[in-house]
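I opened this notebook to look up the salt bridges and the exposure of the residues that form them. The entries follow in the order in which I made them.

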Amino acid sequence: MTKPAEVICQFKNGEIIPIRFRIEDEFKEWQTFTVQKYKPAKKQLEAHRAYHDIGGTFQIPNMLEYDCKIEVLGLEKTVQLRYFINECRWKVVY
């Protein structure tokens with residue numbers, strides 16, 4: 001299941017580090033989760049977003065994915081946070 005998320009992040013040495021996020025549950029109430037551990041972002045690239053420079057060709061990612069461990073009702077659960085760069089939006093997959 002995928003839901004929009006509001007995420008608090010830390011920016012360190014050019015890296016985005018998810019700290020906490022919240023999602024709206026089926027009762028329209030906000031549930032907040034603290035990220036216990038995370039794996040660094042996997043960058044998803046679009047083929048047509050390549051840029052050419054004097055130094056060569058480079059690509060800009062359009063999405064960053066983080067595998068995050070959170071605690072839900074005393075149990076550890078792994079969820080995926082996705083940041084869509086072009087849309088400036090976060091989604092959580094669980």
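**Salt bridges and their partners**

I began with Glu87, which is partly exposed at a relative accessible area of 44%. The model I am reading is a predicted one.

I then looked up the partner of Glu87: its side chain meets that of Arg89 in a salt bridge, at 3.5 Å from N to O. Arg89 is likewise listed as partly exposed, with a relative accessibility of 46%.

I next turned to the network. Lys42, Glu65, Asp67 and Arg82 are joined into one network by salt bridges that share partners.

I examined Lys42 within that network. Its salt bridge with Asp67 has the closest N and O atoms 3.4 Å apart. Because Lys42 lies in strand E4 and Asp67 in strand E5, this pair ties together parts that are 25 residues apart in sequence.

I then noted the salt bridge between Lys42 and Glu65, where the closest N and O atoms are 3.9 Å apart. Glu65 belongs to strand E5 (residues 56-72) and Lys42 to strand E4 (residues 37-53), so the pair links parts that are 23 residues apart in sequence.

I asked myself whether Glu65 is buried or exposed. Glu65 has a relative accessible area of 9%, which is under the 20% cut-off, and therefore counts as buried. Lys42, by contrast, is partly exposed, at 38%.

Last, I recorded the total: five salt bridges are counted in the model.

Terms used:
Residues are numbered from 1 along each chain as its sequence is written. This is a predicted model: local features need pLDDT of at least 70, side-chain atom pairs count only at pLDDT 80 or more; totals for chains, interfaces and linings use all residues. Side-chain values use heavy atoms; hydrogens and water are left out. A salt bridge is a side-chain nitrogen of Lys or Arg within 4 Å of a carboxyl oxygen of Asp or Glu. Helices (H or I, at least four residues) and strands (E, at least two) are DSSP runs, numbered from the N terminus. Buried means under 20% relative accessible area, exposed over 50%, partly exposed in between (1.4 Å probe, protein chains only).
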